[in-house]
Amino acid sequence: MQNFLDFEKPIAELAGKIEGLRHLSDSSSDVNIAEEVSKLEAKADKLLRQTYAKLSPWQKTLVARHPDRPHCKDYIEALIEDYTPLAGDRAFAEDFAILGGLGRFRGQSVVVIGQEKGADMHSRVKHNFGMARPEGYRKAQRLMDMAERFDLPVITLVDTAGAYPGVGAEERGQSEAIARSIEKCLAIKVPLVSAVIGEGGSGGAIALAAANTVLMLEHSIYSVISPEGCASILWRSGDQAKEAAEALKLTAQDLATLGVIDEIIAEPMGGAHRAKDVCMTALGDSIEKHLQELSQFGGAELRQKRRDKFLEMGQKGL
C-alpha cells in the first residue's frame, strides 16, 4: 500500500475512492464505472500537482524522509554493475550505516560510498537508521584512499539525519572521524561527485559531501542540523520544527541560490517514491555528465578546485 503524508490526506481520500470503485467494478461486471474512475484520477493528479507546486520547507522535509523513498542500496542496484561491497575500517568494526565498494557505473570503474537507512524495521535497525559511527567514516576514508590509489572516480550518496550521537561513538572519536573524512574528501586527486538523495544532516552528511560537484534531488534537504534539533535548542521544544525548517534554508532551491550545491535533479511528480526508476535514471544521467566534465582535469587541479569551491562558500546568495 502507498503511504501518504499528513499534508497529502485529500489526495489519499481520492486514491481510496478510486480503489473502492475499481474493486466494485471487478466484483460487478454489470457496472461500468470507468468514466467515474477516470474523472477521479484526473482530479487526484491535478491536486497532486497543485500540492507539490507549493511545498513548504517542512513539507519537503517530510518528503525527504518518506519511508518509501529510494535509498542508497536501491541506487547502487539500479546504477552500479558488478558491485562488490567492501567492509570494515581495518581498525575496529564494520558499520552497516555506510555502504561502499567497487563497481561499474555506465561502463566506468568507480568507488561508490553511501549512507543506507533501511527499508523496514529489521533493516533500519541493522543500518542504524543511516546514522554512522566512527568506524563507518573510517571505512569511507579507506575506500577514498583506495580510489585515489587506483585512479577511480568516487560517487557518494548522502542520506542521513546525522552521525550517531551515542556514548560509544563519542568514546571512539566521532568528531575526529568526521573531520578526517572531510579532510580526505578535500585531499584526494580523483573526481568526486556527491548526491543528496534524502536527508543531508549535519557533519554526518558533509563527511561524504565535500565534493567537486554536489547534486541534490528536488525534494531532499541539506542542513547543519535537523529542524527538530534546531527547535529544541532555540525554543526548548521540538514543536517549533516547522518554523525552524523555514529559517534553516535547507531545501535544494535555497541551497542552489546560496551556492552550496551545484545542481537540482527534478523528481517525478509527487516525489521520488512515486516513480523510483525514473528518479534513479535522472540522477544517473547527471552523475555521468559531471564525471565526464571532471575527467578533463588532472589530479592536482581537481583537488584545488574542490578546496577553492568550499573556501568561497558563503560569498554569494546572501
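## Exposure and two spans along the chain

A residue counts as exposed when its relative accessible area is over 50%, as buried when that area is under 20%, and as partly exposed in between. The model described here is predicted, and within it Glu 13, which lies in helix 1, has a relative accessibility of 56% and therefore counts as exposed. The C-alpha atom of Glu 13 is separated by 15 Å from that of His 23, a residue ten positions away along the chain.

A second span involves helix 8 (residues 174-187), where Ala 179 is located. With a relative accessible area of 43%, Ala 179 is partly exposed, and its C-alpha atom is separated by 17 Å from that of Gly 166, the two residues being 13 apart along the chain.

## Helix 3 and its surroundings

Helix 3 (residues 57-64) is mostly covered, since six of its eight residues are buried. The buried residues are Pro 57, Trp 58, Lys 60, Thr 61, Val 63 and Ala 64. These residues pack against helix 2, strand 5 (192-201), strand 7 (221-223), helix 10, helix 11 and helix 12 (252-258).

For the packing of helix 3 with helix 11, the axes are 8 Å apart and cross at an angle of about 95 degrees, which means that helix 3 is roughly perpendicular to helix 11. On the side of helix 3 the contact is made by Pro 57, Trp 58 and Thr 61, and on the side of helix 11 by Ala 241, Lys 242, Ala 245 and Glu 246.

## Helix 10 against helix 11

Helix 11 (residues 241-248) also packs with helix 10 (residues 227-234), at an angle of about 105 degrees and with the axes 8 Å apart. That angle makes helix 10 roughly perpendicular to helix 11. Helix 10 contributes Pro 227, Glu 228, Cys 230 and Ala 231 to the contact, while helix 11 contributes Ala 241, Ala 244, Ala 245 and Leu 248.

The two contact lists can be read side by side. Ala 241 and Ala 245 of helix 11 are among the residues that meet helix 10, and Ala 241 and Ala 245 are likewise among the residues of helix 11 that meet helix 3.

## Aromatic rings and charges over them

The count of aromatic pairs comes to one. The pair is formed by Phe 7 and Tyr 52, whose ring centres lie 6.0 Å apart and whose planes make an angle of 55 degrees, an arrangement classed as tilted. Because Phe 7 lies in the segment before helix 1 (9-27) and Tyr 52 in helix 2 (residues 34-52), the pair ties together parts that are 45 residues apart in sequence. Both partners are buried: the relative accessible area is 16% for Phe 7 and 7% for Tyr 52.

Elsewhere, aromatic rings are met by charged side chains. The charged end of Lys 126 sits over the ring of Phe 96, at 5.1 Å from the ring centre. Arg 133 lies over the face of Tyr 164, and here the distance from the ring centre is 4.6 Å.

## Cysteines without a disulfide

A search of the whole structure finds zero disulfides. For Cys 72, the nearest cysteine sulfur is that of Cys 279, 14 Å away, and for Cys 279 the nearest is in turn that of Cys 72, at 14 Å. Because a disulfide requires two cysteine sulfur atoms within 2.5 Å, neither Cys 72 nor Cys 279 is in one. Cys 72 counts as buried, at 0% relative accessibility, and Cys 279 is buried as well, with a relative accessible area of 0%.

## Positive phi at Asn 128 and Ser 202

Most residues other than glycine have a negative phi. Asn 128 has a phi near 55 degrees, a positive value in a residue other than glycine. Asn 128 is found in the loop between helix 5 (121-126) and helix 6 (134-149), and with a relative accessible area of 12% Asn 128 is buried.

Ser 202 also has a positive phi, near 60 degrees, and is again a residue other than glycine. Ser 202 is found in helix 9 (residues 202-209), where, at a relative accessible area of 35%, Ser 202 is partly exposed.

Technical notes. Residues numbered from 1 in each chain as written. Predicted model: local features only at pLDDT ≥ 70, side-chain atom pairs only at ≥ 80, totals over all residues. Heavy atoms only, no water. Buried < 20%, exposed > 50% of the residue type's maximum accessible area, 1.4 Å probe, protein only. Phe/Tyr/Trp six-rings, centres within 6.5 Å; stacked < 30°, edge-to-face > 60°. Helix = DSSP H or I, 4+ residues; strand = E, 2+ residues; numbered from the N terminus. Lys NZ or Arg CZ within 6 Å of the ring centre and 35° of its normal. Axes fitted to C-alpha atoms, helices over the stretch in contact; angles between N-to-C directions. Parallel < 35°, antiparallel > 145°, perpendicular 65-115°, else oblique. Contact = heavy atoms within 4.5 Å.
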